[in-house]
Each structure stands twice: as structure tokens, then as C-alpha cells.
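Q: I'd love a close look at one part of this protein, taken slowly and with its surroundings in view. Could you walk me through it?

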Amino acid sequence: MTKIMTGALMTVLPLLVLTVLLAGAQEENPSPSKKDNSVYAELAKAPKKALARRNPLEVDPDAVAAGAKLFALHCAECHGEMAEGGRKAPSLLADPVQQATPRTLFWILTNGVVRRGMPVWSKLPEPQRWQIVSYVKSLTPAGKPPK
Ligand code: HEC
């Protein structure tokens, strides 16, 4: 082998090895596009930062009633008058929603699930979003807040 050929090999070989290594690494890391088709899957995706927030209206006795009005205005059209779900959107009485923390629900409201038809509500002032969260969390399986 001539010196020139050896030189060329020495440059190409490491590149080849690197390419193979990178390709291998990518396969080990399957892209996160693996689909979870549950309509409630999005609830599991709230980032830690969002979960660090507290519902500032947790102890506000009027929050549920105010939230009920806002719900009728903004949400009932899709989720049903009693949040029981409708043709356009799933029930909010279902376990995954009822067991979600207020912060998770606040996060969902703020960000929506736009690609799946759940609008973004970041235009509603934060206190209103928390009122809606308080209302949704107050619902019983029958759909009504306990008296
Ligand atoms: C235009 C119809 C529409 C309106 C209005 C709407 N939603 Fe939704 N919502 C949806 C759809 C569709 C989904 C299911 C999204 C999915 O598949 O993840 C959803 C999902 C949700 C979820 C479950 C989160 C998840 O994992 O998908 C919550 C909680 C929720 N909506 C709350 C609300 C509240 C509260 C309001 C009122 C402020 C509201 N929605 C208004 C269509 C709507």
C-alpha cells in the first residue's frame, strides 16, 4: 500500500466508525412519537414546572360557583352541560381528569391539546382558569358539585 492510500484510509475509517456508532445510538433511542391514543394521555405530560403551582383559589368559597358559570360559557359546548362528555369532547368526570391535580388541569387549560381539538385557554385571565379548575375538581361522578 502506498503512503497516500494509507493516509486516505486513516481519515475515512474513523468517520465510518463514527457514522455507524451514531446510527446505532439513534436506534436505541426510539423517537417519542410512540402514540398513546387515550384522550386523557395529555394529562400525563404536564412538566414539573407547571406542577409546582398551587391553585391560589383553593380555599376561595366562591371559586366553584364562578367556575361553573365559566364552564357553561366556554366548555359545555364540547364537554357537555354537566361535563359528562359529548360528541366533540370526552367526559371530565372520568378518573384520569378527576384524579389529575389542579395544577395539571390548569396546565392543560393554559396549553390546550390543539392538535386533538382541545383549545388553548391562555386568553382567560389566570384567576378564571383556576375557577374553572376548582369547578371541575368539585364535580362528582354524577356531574354536580356536592351541595
Ligand atoms: C372545541 C371543543 C372544546 C372546548 C370548547 C373545550 N374542550 Fe376540553 N377537550 C376537547 C377535546 C377534543 C379533548 C380531547 C383532547 C385529547 O384527545 O387529548 C379535550 C380534553 C380536555 C381535557 C382532558 C385533557 C386531555 O388529556 O386531553 C380537559 C381537562 C379539558 N378538555 C377541559 C376543558 C375545559 C375546562 C374547557 C373550558 C375552558 C374545555 N375543555 C373546552 C375539546 C374542547
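Is Ala-83 buried or exposed, and how many C-beta neighbours does Ala-83 have inside 10 Å?

A: Happy to. Please keep in mind that this is a predicted model. Ala-83 has 23 C-beta neighbours inside 10 Å. A residue counts as buried when 20 or more other C-beta atoms lie within 10 Å of its own, so Ala-83 is buried. Its place in the chain is the loop between H4 and helix H5 (95-98). The backbone there has a feature you may want to inspect: Ala-83 takes a positive phi of about 65° although it is not a glycine.

From Ala-83 we can step across to Val-136, since the two are in contact. Val-136 belongs to helix H7 and is buried as well, with 25 other C-beta atoms within 10 Å. Setting aside neighbours within four places in sequence, the contacts of Val-136 are Ala-83, Leu-92, Val-97 and Leu-105. Another pairing to look at is Val-136 with Gln-98: they are 38 residues apart in sequence, yet their C-alpha atoms are 7.7 Å apart in space.

Leu-105 takes us into the packing of two helices. Helix H6 (residues 102-111) meets helix H7 (residues 126-138) at an angle of about 125°, and their axes are 9 Å apart. That angle makes H6 oblique to H7, and the crossing of the two is right-handed. On the H6 side, the contact is made by Pro-102, Leu-105, Phe-106, Leu-109 and Thr-110, while H7 brings Arg-129, Trp-130, Ile-132, Val-133, Val-136 and Lys-137. Sorted by class, this contact of H6 with H7 has eight nonpolar, one polar and two charged residues.

Staying with H6, its buried residues are Thr-104, Leu-105, Phe-106, Trp-107, Ile-108 and Leu-109. The cover over the buried residues of H6 includes helix H2 (48-51) and H7. Just after H6 comes another positive phi, this time at Gly-112, where the value is about 65°.

At the other end of H7, follow the chain into the segment after the helix, where Pro-141 sits. Here the setting changes: Pro-141 has 11 C-beta neighbours inside 10 Å and therefore counts as exposed. Even so, Pro-141 and Leu-93 have C-alpha atoms 5.7 Å apart in space, with their positions 48 residues apart in sequence.

The ligand ties in some of these elements too. There are 26 residues around the ligand, and those that come nearest are Glu-42, Cys-75, Cys-78, Gly-117 and Met-118. Helix H4 (76-79), H6 and H7 are the elements that give two or more residues to the shell around the ligand. By class, that shell has 19 nonpolar, three polar and four charged residues.

Finally, a step back to the whole chain. The protein has seven helices and zero strands, and along the sequence this reads as α-α-α-α-α-α-α. Of its 147 residues, 21% count as buried, with Ala-83 and Val-136 among them. Of the contacts with a separation of 6 or more, 68% join residues 24 or more positions apart.

Definitions and conventions:
Residues numbered from 1 in each chain as written. Predicted model: local features only at pLDDT ≥ 70, side-chain atom pairs only at ≥ 80, totals over all residues. Axes fitted to C-alpha atoms, helices over the stretch in contact; angles between N-to-C directions. Helix = DSSP H or I, 4+ residues; strand = E, 2+ residues; numbered from the N terminus. Parallel < 35°, antiparallel > 145°, perpendicular 65-115°, else oblique. Left-handed = near helix turned anticlockwise from the far one by under 90°. Contact = placed C-beta atoms within 7 Å. Nonpolar A, V, L, I, M, F, W, Y, C, P; charged D, E, K, R; others polar. Buried ≥ 20, exposed ≤ 12 C-beta atoms within 10 Å, placed from the backbone. Near = placed C-beta within 6 Å.
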